[in-house]
Amino acid sequence: MLPAYFSLPFTFPFPFTRPMAEKTIFQKIADREIPGDIVYEDDLCLCFRDIAPQAPVHLLLVPRKLIVRIGEADPVDQDLLGHLLTRVRIIAEQEGLAEDGFRVVINNGKNGGEAVPHLHLHLLAGRPLEWPPG
Ligand code: AMP
């Protein structure tokens with residue numbers, strides 16, 4: 001019997017290659033292929049201003065590694081997810097958000113309002129935010 005990869009037509013006749021996945025819009029920002037108003041970056045993540053802000057301050061914190069959404073995060077990404085959460089304090093202090101407060105939001109899937117399938121934390125600040133959200 002042939003190995004399983006011989007049954008996958010998209011790999012034939014190069015069974016050790018995979019089609020290149022299209023970059024997400026956030027990967028393109030990270031790679032400087034499209035512009036982004038970046039306020040923070042390190043080797044694991046970057047943070048930039050949302051192009052359609054829903055509050056006076058609206059930032060997106062994105063891992064460089066593609067994690068599609070929080071509901072599909074793998075335990076192997078535990079350290080990266082912790083890194084993202086601990087960057088929130090650094091960015092909030094850097095951007096002067098800490099004193100008045102802010103909200104961190106992760107939209108997940110259709111009913112969660114997710115539009116970009118690349119995990120991102122929204123940091124919203126600069127006005128009182130209502131609860132519950134709509
Ligand atoms: P979500 O609905 O949680 O997936 O959020 C996606 C967010 O990405 C939205 O708030 C968009 O306004 C934002 N967005 C989409 N394209 C860009 C871009 N090129 N630069 C900055 N923010 C973007």
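**Figure 1. Histidine H118 is buried, at a relative accessible area of 0%.** Buried here means under 20% relative accessible area, exposed over 50%, and partly exposed in between, with a 1.4 Å probe and only the protein chains as cover. The structure is a predicted model, in which local features need pLDDT of at least 70 and side-chain atom pairs count only at pLDDT 80 or more, while totals for chains, interfaces and linings use all residues. Residues are numbered from 1 along each chain as its sequence is written, and side-chain values use heavy atoms, with hydrogens and water left out. H118 belongs to the loop that runs between α3 (109-112) and β5. A polar atom of the H118 side chain is 2.8 Å from the backbone oxygen of P63.

**Figure 2. The protein as a whole contains 3 helices and 5 strands.** Helices (H or I, at least four residues) and strands (E, at least two) are DSSP runs, numbered from the N terminus. Along the sequence, these elements follow the order α-β-β-β-α-β-α-β. The protein has 134 residues, and 34% of them are buried.

**Figure 3. Two residues of strand β3, H58 and V62, are shown with their partners in space.** Strand β3 covers residues 57-63 and includes H58. H58 has a relative accessible area of 5%, so this histidine counts as buried. Although H58 and L124 are 66 residues apart in sequence, their C-alpha atoms lie 4.7 Å from each other. V62 is also found in strand β3. With 0% relative accessibility, V62 is buried. Between V62 and F48 the separation is 14 residues in sequence and 8.5 Å in space, taken from C-alpha to C-alpha.

**Figure 4. The ligand is surrounded by 16 residues.** A residue belongs near the ligand if one of its heavy atoms lies within 4 Å of it. Of these 16 residues, D50, G113, A115, H120 and H122 come nearest. By class, the shell around the ligand consists of 9 nonpolar, 4 polar and 3 charged residues. Ala, Val, Leu, Ile, Met, Phe, Trp, Tyr, Cys and Pro are counted as nonpolar, Asp, Glu, Lys and Arg as charged, and the others, Gly among them, as polar.

**Figure 5. Oxygen atoms of the ligand lie close to polar atoms of N107, A115 and V116.** A polar contact is a pair of N or O atoms within 3.5 Å; within protein, one must be able to donate a hydrogen and the other to accept it, and residues adjacent in sequence count only if both atoms are side-chain atoms. For N107, an N or O atom of the side chain is 2.8 Å from a ligand oxygen. A115 takes part through its backbone, where an N or O atom lies 2.6 Å from an oxygen atom of the ligand. V116 likewise places a backbone N or O atom 2.9 Å from a ligand oxygen. The ligand taken alone exposes 510 Å², and 83% of that is buried by the protein. These areas come from the Shrake-Rupley method with a 1.4 Å probe. Helix α1 (25-30) and strand β2 (45-49) are the elements that give two or more residues to the shell around the ligand. The largest share, 3 residues, comes from α1.

**Figure 6. Two backbone details are shown, at R32 and at P132.** R32 has a positive phi of about 60 degrees, although this residue is not a glycine. R32 is placed in the loop between α1 and β1 (38-41). The peptide bond that joins W131 and P132 is cis, with omega about 0 degrees. P132 lies in the segment after β5 (121-125).
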